[in-house]
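Me: I am new to this structure and would like a close look at a single part of it. Please take one strand and its surroundings and go through them in order.

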Amino acid sequence: MSTQAPIDSRERILARIREALQSPAPKRHLNPPPGLPTQPMGTDGAGHAPQEWLPQVPESLEDRIALFERNSKELKTRVIRCANEAALIEALKILATEQAWRRVASHQFSLGHTAILSAGLPVTWVDKGYQIAELESADAGITGCECLVTQTGSILITAASSGGRALSVLPPHHVVIAHRSQVVADLSEALAVAKTSHQGKEPAFLSFITGPSRTGDIERILVLGAHGPKHLTVILVD
Amino acid sequence: MSTLAPSSQFARDADRVSHDLRHRRLIQKALGGYYVKRDEQKAKFANWQEARSLAGEVKYEAINHLDKYLIQFADAIAARGTKVFWASDGAEANAYICRVAKENGLKSVIKSKTMTGEEIHLGPELEKAGVEVVESDLGEFIVQLREEPPYHIVFPSMHLSREEINEVFQRKLGSQPAFTPEELTMIARGVMRQKYCTADMGISGANFAVADTGMISITENEGNARLSTALPRIHVAIVGIEKIIPRLEDLALLLPMLATAGSGQAITCYNTMLGGPRQPGEIDGPEEMHVILLDNQRTRLLADPEQRDALHCIRCGACLNVCPIFKNVGGHAYGTTYQGPIGSVITPHLRGLQSWKHLSNASSLCGACTETCPVKIDLHHHLLQNRRNAVQGKARWWEKWMWKGFDFLMTRPALYRWSAPLGRIGMFFYPIVERTAADPMQHWTKTRDFPRLAEYSFKEYWKNRKTPDVDTSTH
């Protein structure tokens, strides 16, 4: 960019907006329920009413995990549950054989790093930068995540928790390794986690991933792997 | 592009498409599947109607404090190193983007779906500046190859069969014949993979602009927006000023509602919030991010308090999917960027009432759009208001005189009494001209019978009736 920024219409647009808003708009057909859509479900300790309009989520963690699994299955996400780290290593080995992985790409995160190494997979680590072609030709991208959302079967990733912006979308198979304590109730709770877990500084990249990449643009028939991964696997460690 | 007046073009294309049985079959099949999935998802909501009210409330709050939230958004996103440019119209926005492209010596741009970009004809402007533009959304890519505008704001290639898509792929890409949607999708995937890895600039729209955290939110299923905002060196997002929402948490409501109303999904596959270019400590992401806040006559709509809620629209396309007019005339007949009821409501504000008023007449006023809208925009009443405003602005002389004559006749009983026998005389001779070129009612009688006047009026009946047989003696 040149040194001199082009002059924009900020003040003109704001002036038009302020003039337009001089006459108030009528409130029609809006009879909103009490409360704001900002309170996460189940966290009504502060006296907030829980959200009563979105799809409901059960209270206990086991029930939530069960619902997360059901929602995931419906969206063609595979969920593998592992009792401990040894089982995680085993699961990775099985996946590697089954999918004929030659090389995977990953980043350093506590749950995954040693497991990936122990499983003996050839790995491209992206933490210190990567070549796009190298990442594109990896058979799978293995990442951590911010949390798992029961309500929708979604995975919330951020740049910090999931190895940047491309690792989870460029390779043809995205594998998420998460701990059961990362399962949250709904989207509000997930957003609250993302907002608070980075020293009060929201990350510049957040994404809810719900199922493998898909399209219905040809005759509204579902096809997986439109541009992003064809396969999405969540490994949930107890 | 056609040189016809918009109203003539609409009449011509609407007539052609509504007689096209093949088109009808494709649309009905596509929408039939949509209704089933949408109802399934709606049923999962604990209270869909309350969710609609609340979503409407969130947008009402944002639009009626637009100046405050826009400043908050712009300051917050700029704090992370994003360059914010405020554009009054499409020309300013396009000039800015072409300038960024030129200064960086860019050759190719990968575009993910942006209806706002369509609105300002960004693609053709960049091509004129010598930059190759590739649409990455599958539907957009297909219509780009066919050199057509998108058919529907959410499903751009809904009107095409796999055979037509195969034909254009073979002709334009030199691909092998493909027979299934899966094979066709994989051909596009292959083409696009190369483009992502080599494009210098990614262009996207935004579904929401979050004021408190300074982020844009992009909703998609394919992953093309994620790739085109992560890999190229520069990311440009075009954001209509009405896309603002106050808080990040509002997305917890709006994302599921957009997906449910838009495509019958609980939530779409990728919902990505971007607050800036690559930050210190991040592994990847664009070096530069630009956000363009576009007015382009939105403030004109804002200045109309009666129809201001049309700016609450989250572009889910639900009103198109349920509209009997859309289903019959198809998306291209409208000749607008935004089709269906919402397009008929806002296009007169964005592009001039007198040229686009005909769209508000192309409505059965059934109210299906208002009922389905996830943010409760009063769409069908806005169509009526457009009709009223169009007449107040510029009434047809003959229509004005017709009503004056009607007024004259109806307020003079003696004259009115004579009009019925006169009408019957006219009726007697009318069959001579009926359905000929001389028929003054020919537009009506082309497809319908003209109703006959009754043989006598109520007044005549009353006067000539025999004294009724009422036995009053029992009282």
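Reply: What follows is a walk along strand β6 of chain B and the elements beside it.

This is a predicted model, in which local features need pLDDT (the predictor's confidence in each residue, from 0 to 100) of at least 70, side-chain atom pairs count only at pLDDT 80 or more, and totals for chains, interfaces and linings use all residues. Residues are numbered from 1 along each chain as its sequence is written, while chains are lettered from A and ligands numbered from 1 in the order in which they are written.

Helices (H or I, at least four residues) and strands (E, at least two) are DSSP runs, numbered from the N terminus. In chain B, β5 covers 208-210 and β6 covers 215-220. Six of the six residues of β6(B) are buried, that is, each has 20 or more other C-beta atoms within 10 Å of its own, with C-beta atoms placed from the backbone (12 or fewer would be exposed, and in between partly exposed). In a regular strand the side chains alternate between the two faces of the sheet. Here B:Met215, B:Ser217 and B:Thr219 point one way, and B:Ile216, B:Ile218 and B:Glu220 the other way.

On one side is β5(B), joined to β6(B) by three bridges in an antiparallel arrangement; two strands pair if DSSP finds at least two bridges between them. B:Ala209 stands opposite B:Ile216. The two strands form a hairpin with four residues between them, and B:Gly214 in the turn has a positive phi of about 65 degrees.

The loop between β5(B) and β6(B) also holds B:Ala211. This residue counts as buried because 26 other C-beta atoms lie within 10 Å. Leaving out residues up to four places away in sequence, B:Ala211 touches B:Tyr69, B:Gln72, B:Phe73, B:Ile244, B:Ile245 and B:Pro246; a contact needs C-beta atoms, placed from the backbone, within 7 Å. By contrast, B:Pro177 is 34 residues from B:Ala211 in sequence and 48 Å away in space, C-alpha to C-alpha.

β6(B) also pairs with β9(B), again antiparallel, over five bridges. B:Ile218 stands opposite B:Thr272 there. From β9(B), residues 270-274, the pairing goes on into chain A: five bridges join this strand to β9(A), and the two run antiparallel. B:Thr272 is the bridge partner of A:Ser207.

That pairing belongs to a contact between the chains in which 74 residues of chain A meet 86 residues of chain B. β9(A), 205-209, is among the elements that each supply at least two residues to chain A's side. The most, eight residues, come from α1(A).

Conventions:
Two residues are in contact if their C-beta atoms, placed from the backbone, lie within 7 Å.
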